[in-house]
Amino acid sequence: MFLDFARIHIRSGKGGDGHVSFRREKYVPAGGPDGGDGGRGGDVIFEVDKGMNTLFYYKHRYQFKAEDGAPGGKKRCHGKNGKDLVLKVPEGTILREEHSGKIIADMSAHNKRQVVLRGGKGGRGNMNFATPTNQAPQYAEGGKEAMELDATLELKLVADVGLVGFPNAGKSTFLKRVTRADPKIADYPFTTIDPNLGVVDTGDGRGFVIADMPGLIEGASEGVGLGHRFLKHIERTRVLIHIVDAASFDGRDPVEDVIKINSELMKYDPAIMEKPMLIAANKADIAAYDDADPIGRIRETFEPQGFRVFAISAATGEGTDALINAVRNLLDTTAPKQVYYEQEYFPEDEISSSDLPYTIETEEDRDGELTYVVEGPKIDRMLSYTNLDSEKGFRYFTQFLRRSGIVDALKERGIEEGMSVRMYGHVFTFYDDEAGGDESYE
Ligand SMILES: Nc1nc2c(ncn2[C@@H]2O[C@H](COP(=O)(O)OP(=O)(O)OP(=O)(O)O)[C@@H](O)[C@H]2O)c(=O)[nH]1
Ligand SMILES: [Mg+2]
């Protein structure tokens, strides 16, 4: 079954916790800290699978999760890294953040593989925290949080040829005639409600893919009818066949029909009308007997405008070979033009400082020195994605602390310059520089 839309929830792996332990050797009464680091959480990666052409796999699956990193062990043992989760999608799949609709990844053109969510870093074991004043650190870093988000997958069809036209014009009948596809055909409008794909076998190995679309109607570019949902699929096709019912009995004029559809396409996206378009005057088996000569009028109107017009009967097959040949030749001379969407949602930047639960506690050591301990999931996450060793990263982090009100909250709790602040194993010395300078990092 063809499916061009799915909703999923993805989550990367959490980093493994760092370990707290101390070396135990014969004859060495108190060994140094030897707690190892936790493993990295797995990434969530999207990858194009050339063999897939539908999102059906995602119809009944919703939760996708990469593996968590394993905790560190004693004797400096590094926890195992979590396995990445690789999600296969058909070429032309667009991944969006569900709530904003922003694009995270367009799996087309050169983009065959994209890391979408990074796993959390492993926490450092206590072997990293020995200092001259504290040779037996009792703490280790927790593994960093995973990232998760709700996403939608949408398949932009990658067909060479798109069929456009009013409902009932004979698009599906044409697809069935020239390919092995078996679309639903009926003599009432809006028979087709999902795009159908078919492969034209030209016998010389140069086959191509045709996409049959639901019929368009006036106002489609503004969302009227069903067809507008599928206009986006037409964007990626290279050649269009505009199928018009030349034998329409219900008082419609085929020349007007072609003009109306073209104007909807133009309104939706002028680039669509830059694609080569062939006009197929369909139902020639009946239209040929019409005294008003509809096929002649279509030719007279559109050929001078540079369109090639083919009289065909999708029902009998008459004229379809000539049309298919013309399409084949056009494809040979038109370079594949692809629309590629740039990423506009970066999961790692979306960690906002608003809505930020955190706790502040104080610890007193034997000498009565106070350490402020600040914890909260977003702080934890922030630390896992920020490189505090780089000046830029450190500045970013301190700005975050200030913006989020944590600095003010610490002051309310009576912190003074020179006191220590600990956040998930990182120890900072507090300096409040009124001019907005940075706390320094020990
Ligand atoms: N006589 C004749 N009838 C045709 C021809 N092509 C299609 N029809 C008939 O026209 C009706 C509509 O055909 P479809 O192929 O379903 O039309 P469509 O363009 O796919 O319609 P939608 O899916 O609603 O957009 C059906 O009853 C077909 O049998 C033709 O060449 N000659
Ligand atoms: Mg149809």
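**Sheet, helices and ligand 1**

Visitor: Which strands does helix α3 lie across, and at what angle to β12 does α3 run?

Guide: This is a predicted model, in which local features need pLDDT of at least 70, side-chain atom pairs count only at pLDDT 80 or more, and totals for chains, interfaces and linings use all residues. Residues are numbered from 1 along each chain as its sequence is written, chains are lettered from A and ligands numbered from 1 in the order written, and side-chain values use heavy atoms, without hydrogens and water. Helices (H or I, at least four residues) and strands (E, at least two) are DSSP runs, numbered from the N terminus. Helix α3 (residues 254–268) lies across β9 (161–164), β12 and β13, and its angle to β12, on a scale from 0 to 180 degrees between N-to-C directions of lines fitted to C-alpha atoms (for helices over the stretch in contact, heavy atoms within 4.5 Å), is about 145°.

Visitor: What is the strand order of the open sheet?

Guide: The sheet has 6 strands with mixed pairing; strands pair if DSSP finds at least two bridges between them. Its edge strands are β10 (196–200) and β14 (308–311). The order is β10-β11-β9-β12-β13-β14.

Visitor: Which residue is the bridge partner of I243 in β13?

Guide: Strands β12 (residues 239–245) and β13 (residues 277–282) run parallel, joined by 6 bridges. The partner of I243 is A280.

Visitor: How far is an oxygen atom of ligand 1 from a polar backbone atom of A314?

Guide: A backbone N or O atom of G215 lies 3.1 Å from a ligand 1 oxygen. For A314, the distance is 3.0 Å.

Terms used. Polar contact = N/O pair within 3.5 Å; in protein donor to acceptor, adjacent residues only side chain to side chain.
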